[in-house]
Amino acid sequence: MNNQKRFFTRIASVAAVWFLISGTAFAQTGASGDAKQLWRLLDYVAVDYSGAIADGVIISEAEYAEMLDFTENAGSLLQSLPEHVSKPAIAQKIAELRAAVLRKEASAEVSRLANQANSSLITAYPFPVAPAKVPELARGQTLYAAQCAACHGVDGKGDGPLAESLEPKPIAFTDAERARTRSLMALYQVISQGVEGTSMASFEALPEADRWALAFYIGTLSYDESMREEGKQFWNNEGQIKSHFADLTMLTTITEAALAETIQEHKARAVTAYLRNNPDVVEKNKPVGLALSRLRLAESLAAARAGDRNLATRLSLSAYLDGFEPLEPIVATRDGALMIAVETAMLTFRSAIAKGTIEQAETVAVQLEQLFVQVDALMQEAKADPTTTFVGALTILLREGIEALLIVIGMITFLKKMDRPEVLRHVHRGWISALLAGVLTWVVATYLISISGANREVTEGIGSILAAVVLLSVGLWMHQKSSAGKWQYYLKVKMSKVVSQGSAWALFALAFIAVYREVFETVLFYSALAVDGNIGALMGGFFTAILLLVVIAWVLLRTSARMPLTTFFSFSSILVMILAIVLSGKGVSALQEAGWISVNLINLPRVEWLGLYPTLETFAAQVVVALIIVGGFGLIRLSSRNNTVRNPQAD
């Protein structure tokens with residue numbers, strides 16, 4: 001197999017990794033769909049059981065038959081879901097629910113059991129249960145008038161002009177008892193999927209935001225203004241109530257009946273009335289930053305103590321990604337040692353949770369609280385002085401830029417020595433496209449959406465690993481050529497075949513990945529620095545770093561251009577291999593922080609610029625890459641010795 005084929009075989013292996021990731025995501029999507037269907041079955045039982053049984057007596061044979069069928073199907077549907085540590089407990093709750101239905105228990109008990117099963121289900125098999133942003137109730141009211149009033153009535157009493165001709169009759173949304181057991185998530189599900197055997201059609205064609213707005217508006221129809229006013233007073237004056245609503249997810253999944261199990265009945269009704277009409281106050285109440293980290297750490301410890309290690313791990317990830325990670329750039333620019341201490345402690349906590357060593361997790365949680373106190377003090381200090389901002393902007397861009405520069409300059413020099421300007425254009429297009437993509441990323445992150453911590457780490461991780469794989473391939477190939485001799489003939493006669501149109505686009509991809517992963521990181525750090533308001537110092541650091549990078553690039557280009565071909569290829573291959581080792585460590589570390597790879601701590605120093613982190617996984621990745629390099633170099637040297645007298649026409 002010639003070098004070009006080997007190169008594309010390696011590229012194909014990268015593509016295989018992407019297909020594997022995509023396949024995993026597809027499987028997870030299927031599991032999410034089954035979990036959502038099971039959730040809907042259980043919710044239907046929780047809400048409609050009261051129409052089948054009253055005082056232990058069947059009042060509707062058809063409804064009761066449905067309850068039996070749904071609870072039986074719920075158990076079967078659960079078995080189709082992937083294995084999970086909580087799966088047996090969910091199965092037990094569904095079995096208890098079915099037994100309660102068979103005994104014709106009171107509707108309150110059946111509703112409680114169904115909601116308990118659903119709560120555990122969402123925890124074990126999570127799927128989106130809340131809108132991405134606060135819904136607009138005015139939009140929901142407009143949609144209701146246009147889409148729903150003809151059947152359900154203008155006021156939601158089930159008395160619309162078409163109601164008489166429908167069988168079964170439309171639901172009365174003003175029915176207080178029914179509304180008491182129905183969550184906003186349940187309303188959203190019905191709106192999205194419709195109800196088989198009824199005139200309730202699916203509104204899946206409506207945008208997701210519209211369906212949530214409609215669900216929220218319908219959820220207000222069983223409450224009046226006096227209830228909302230009373231609920232506002234409870235919300236503003238009783239801090240305990242706010243603790244039940246950390247985010248919109250809590251509001252969309254909790255029912256009035258479930259809330260009444262933790263606070264008084266009349267308060268639960270009034271608070272539900274107020275919050276469904278004013279969901280924005282829940283969003284404003286949502287803990288952020290260190291408050292969210294503290295909450296998630298406490299929840300993680302509670303889940304670990306209860307034996308749900310999977311949930312505890314997810315909550316520990318949220319403590320970092322959703323709580324501390326957005327603050328990380330600011331902390332890093334003001335006190336890098338403190339940032340590393342928090343990040344290391346977070347890794348230690350997650351490792352302890354994953355292993356089930358709760359005592360160690362509790363000890364680390366205490367250490368984290370002490371570190372959080374320091375971060376609090378750091379964040380509450382006056383904004384950073386201009387000198388700090390200037391130095392931060394300068395060092396961040398230099399640190400990120402040099403790494404990308406080494407890769408791009410190496411490709412440019414290589415192609416110049418080959419006298420291939422038409423391929424060189426692909427490299428230039430690659431790094432220029434990466435810069436433009438970085439500007440677009442800044443616009444999106446600043447004005448359109450917030451880039452989550454998980455997305456940031458995954459982007460960095462996958463980008464680093466892809467770059468490491470390609471660099472490893474290129475480095476071995478370059479070392480082979482540096483050992484083969486007779487470069488002038490090879491470049492003039494054979495290289496045009498090797499650097500084909502396809503591999504030229506591979507060089508474009510490498511230039512893009514190498515630069516974009518650094519630009520992406522720089523954009524996020526600069527956004528954090530801009531919070532301090534020292535824009536002049538920020539821009540000064542930026543342009544100074546740009547000037548220094550230009551000088552470094554000029555020196556590298558001049559130096560490499562004067563190198564003999566064999567020396568250039570030998571030096572470049574070693575440099576590329578070192579970068580592959582560094583990027584493999586950084587990539588695995590980023591995927592660990594995103595929760596994609598487990599964390600097992602070992603006694604190693606943390607040296608970020610070398611991609612060295614104190615975890616078994618990052619170290620093992622670097623060792624594997626190093627072994628591939630050593631083995632590859634050894635095979636190349638052995639082959640060179642065995643072919644001392646080589647046919648100059650051979651590839």
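What share of the contacts in the protein with a separation of 6 or more is accounted for by residues 24 or more positions apart? In this predicted model, such residues account for 74% of those contacts. The secondary structure comes to 28 helices and 2 strands, and of the 651 residues of the protein, 48% count as buried.

Two helix pairs are set out below.

| Helix pair | Distance between axes | Angle | Classes of contact residues |
|---|---|---|---|
| α3 (residues 87-102) and α4 (residues 107-124) | within 9 Å | roughly 160 degrees | 11 nonpolar, 2 polar, 2 charged |
| α16 and α17 | 8 Å | about 175 degrees | 10 nonpolar, 6 polar, 3 charged |

For the pair α3 and α4, the axes cross at roughly 160 degrees, and the two helices are therefore roughly antiparallel to each other, the cut-off for that class being an angle over 145 degrees. The crossing of α3 and α4 is left-handed. On the side of α3 the contact is made by Ile90, Lys93, Ile94, Glu96, Leu97, Ala100 and Val101, while α4 contributes Val110, Leu113, Ala114, Gln116, Ala117, Ser120, Leu121 and Ala124. By class, these residues divide into 11 nonpolar, 2 polar and 2 charged.

The helices α16 and α17 pack at an angle of about 175 degrees with their axes 8 Å apart, which makes α16 roughly antiparallel to α17. Among the residues that make this contact are Leu290, Leu292, Arg296, Leu297 and Glu299 of α16, together with Leu311, Leu315, Asp322 and Phe324 of α17. The contact of α16 with α17 has 10 nonpolar, 6 polar and 3 charged residues.

Both α16 (289-305) and α17 (309-324) also pack against the buried residues of helix α20, as do α18 (328-334) and α19 (336-355). The buried residues of α20 are Ala361, Val364, Ala365, Leu368, Leu371, Phe372, Val375 and Leu378. Helix α20 itself covers residues 358-380, and because each residue is taken to add 1.5 Å, its 23 residues should span 33 Å; the end C-alpha atoms are 32 Å apart, which agrees with that expectation.

A further position to consider is Ala145, which lies in helix α5 (residues 137-147). Is Ala145 buried or exposed? Its relative accessibility is 54%, and Ala145 therefore counts as exposed, since the cut-off for that class is over 50%. Ala145 and Asp155 are 10 residues apart in sequence, and their C-alpha atoms are 9.5 Å apart in space.

How values were computed: Residues numbered from 1 in each chain as written. Predicted model: local features only at pLDDT ≥ 70, side-chain atom pairs only at ≥ 80, totals over all residues. Heavy atoms only, no water. Axes fitted to C-alpha atoms, helices over the stretch in contact; angles between N-to-C directions. Helix = DSSP H or I, 4+ residues; strand = E, 2+ residues; numbered from the N terminus. Parallel < 35°, antiparallel > 145°, perpendicular 65-115°, else oblique. Left-handed = near helix turned anticlockwise from the far one by under 90°. Contact = heavy atoms within 4.5 Å. Nonpolar A, V, L, I, M, F, W, Y, C, P; charged D, E, K, R; others polar. Expected span 1.5 Å × (residues − 1). Buried < 20%, exposed > 50% of the residue type's maximum accessible area, 1.4 Å probe, protein only.
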